[in-house]
There are 2 protein chains.
Amino acid sequence: MKATVLFSGGKDSGLVTLLLEPFFEEIELVTFSFGREESWRPAAQAAKEIGHPHRVAVFGEAVLEEALKMLLAAGHPGQALNYAHSIAVETLAQEAEFVADGTRRDDRAPVMSYSDIRSLEDRRKMHYLRPLAGLGGRTIRAMATRHLEFVEELSAMYPASDFEVGLRHALANRWGQAEVDRIFPANHTHTRVIRRKRFVQEDEGQEDQACQSISTES
Amino acid sequence: MKATVLFSGGKDSGLVTLLLEPFFEEIELVTFSFGREESWRPAAQAAKEIGHPHRVAVFGEAVLEEALKMLLAAGHPGQALNYAHSIAVETLAQEAEFVADGTRRDDRAPVMSYSDIRSLEDRRKMHYLRPLAGLGGRTIRAMATRHLEFVEELSAMYPASDFEVGLRHALANRWGQAEVDRIFPANHTHTRVIRRKRFVQEDEGQEDQACQSISTES
């Protein structure tokens, strides 16, 4: 079985990847970009550190235009985030059987409704996985910290593949920073995985107990 | 870190255990019983197969009485299932920092509301984990099948530590099968883990890639 993970390079989608590893023979990490050239690079680097194949998918121009319209009209980012996220999930669902993302229990956006999720799975004959949907923010941090080293960065200063960061940059480029300040909360941060902790086993006995072995059968 | 898993011996709480293994040094499996002697035995056997310490906690008499009252008054099991589940989670939360259960995305009961979960975590200074909250039934089956062999059994025929099975048995003993048939859906089944699949590694290179190593640091 292969899982495709919507991957920003942050601790959340990083943790999703680690949670799924023992259950899938193959994991592919996919980063969506609004076309801003450098934003996907930290995600590609994080994917390399975690150790799975990575690719970048670029949203069509129309998606960015629609998302910008939503931001300006609504005056808050929720609707545009939901829209971009749902396009990304639907795009992956056309080609992959298992699609996972890092949306969390405490997120207000992006989030898909229960009926939209059931509809997606039925229409596309696929599985949509939200492994962090039942975990709080503190729990996610504690679990991610066990295997990943990550930094927290001010989104205004560093590019990232987080949907919110992408939309903030696109909005700033087109309409100026004042519109970003009006529509988005101040001081948004994102996390970026910089290292996967790989532990040396202390002895054989411990390894036997601790090691999650993986089959080559399907 | 130690995680305590509310464990019925079925594929759901079994999968929760496997999902958490790489992130916790210690996992304890706890089965709640309504006092019907044999019901916890299949769970103890499943815990041994999966490979983690197991213990049984018995609900107080008052909990069973209250749950039976709810069943008779409501005419459906949702309220009583929620009640027993919340007592179990609250009991574990008094002593454990990380408490997990196998409640699923598609479950109608037992399920705690978002505000009850936040309240629990704040009051008890603990983490409540629902690792299956973002996974559908088909996905859970596919992931569990990768590492666990399990059977599906008619709950009327086999004892089990599933809350619903415990309540059905207690109700039948006290008020007769007719009340069970009135209140619960017909032909309820539960799953029971009978074996953990332990794969032999094919070669060293594969092991390096596939093996999720675990630290001894906290």
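In the predicted model, strands β1 (residues 2–6) and β2 (residues 26–33) of chain A run parallel and are joined by five bridges. Within this pairing, A:Thr4 faces A:Glu28 of β2(A). Helix α1 (residues 11–20) of chain A combines with β1(A) and β2(A) in a β-α-β unit, and this unit is right-handed. β2(A) also pairs with strand β3 (residues 54–58) of chain A, again in the parallel sense and over five bridges. Here A:Ser33 is placed opposite A:Val58 of β3(A).

These strands belong to an open sheet of five strands in chain A, ordered β3-β2-β1-β4-β5 and paired in parallel. Its edges are formed by β3 and β5 (127–129) of chain A, each of which pairs on one side only. Between neighbouring strands of the sheet the average turn is 25°, direction ignored. Strand β4 (residues 98–100) of chain A is connected to β5(A) by three bridges, and the two strands run parallel. A:Phe98 has A:His127 in β5(A) as its bridge partner. Helix α1(A) packs on the sheet, where it touches β1, β2 and β4 of chain A. The direction of α1(A) makes about 170° with that of β1(A).

Two backbone features of chain A lie in loops flanking helix α5 (114–124). In the loop between β4 and α5 of chain A is A:Pro110, which is joined to A:Ala109 by a cis peptide bond with omega of about -5°. In the loop between α5 and β5 of chain A is A:Lys125. This residue has a positive phi of about 50°, although A:Lys125 is not a glycine.

Chain B contains an open sheet of five strands in the order β3-β2-β1-β4-β5, with parallel pairing. The edge strands of this sheet are β3 (54–58) and β5 (127–129) of chain B, which each pair on one side only. Its neighbouring strands are turned against each other by 25° on average, direction ignored. Strand β2 (residues 26–33) of chain B runs parallel to β3(B), and five bridges join the two. B:Val30 is located opposite B:Arg55 of β3(B). A cis peptide bond is also present in chain B, between B:Ala109 and B:Pro110, with omega of about -5°. B:Pro110 is situated in the loop between β4 (98–100) and α5 (114–124) of chain B.

Helix packing was examined in chain B for α4 (residues 78–93) and α7 (residues 163–175), whose axes come within 10 Å and cross at roughly 115°. The crossing of α4(B) and α7(B) is right-handed. On the α4(B) side the contact involves B:Ala80, B:Leu81, B:Ala84 and B:His85, and on the α7(B) side B:Phe163, B:Glu164 and B:Leu167. Five of the residues in this contact are nonpolar, one is polar and one is charged.

As for confidence, the predictor assigns the complex an ipTM of 0.89 and a pTM of 0.90. Chain A has a mean pLDDT of 90, and 90% of its residues reach 70 or more. Residues 202–218 of chain A have a pLDDT below 50. In the model, this stretch has 23 contacts beyond near neighbours in sequence.

Methods: Residues are numbered from 1 along each chain as its sequence is written. Chains are lettered from A and ligands numbered from 1 in the order in which they are written. This is a predicted model: local features need pLDDT of at least 70, side-chain atom pairs count only at pLDDT 80 or more; totals for chains, interfaces and linings use all residues. Axes are lines fitted to C-alpha atoms, for helices over the stretch in contact, and angles run from 0 to 180 degrees between N-to-C directions. Helices (H or I, at least four residues) and strands (E, at least two) are DSSP runs, numbered from the N terminus. A crossing is left-handed if the near helix is turned anticlockwise from the far one by less than a right angle, and right-handed if clockwise. Two residues are in contact if their C-beta atoms, placed from the backbone, lie within 7 Å. Ala, Val, Leu, Ile, Met, Phe, Trp, Tyr, Cys and Pro count as nonpolar, Asp, Glu, Lys and Arg as charged, and the others, Gly among them, as polar. Two strands pair if DSSP finds at least two bridges between them. A crossover is right-handed if, with the strands pointing away from the viewer, the path from the first strand over the helix to the second runs clockwise. pLDDT is the predictor's confidence in each residue, from 0 to 100.
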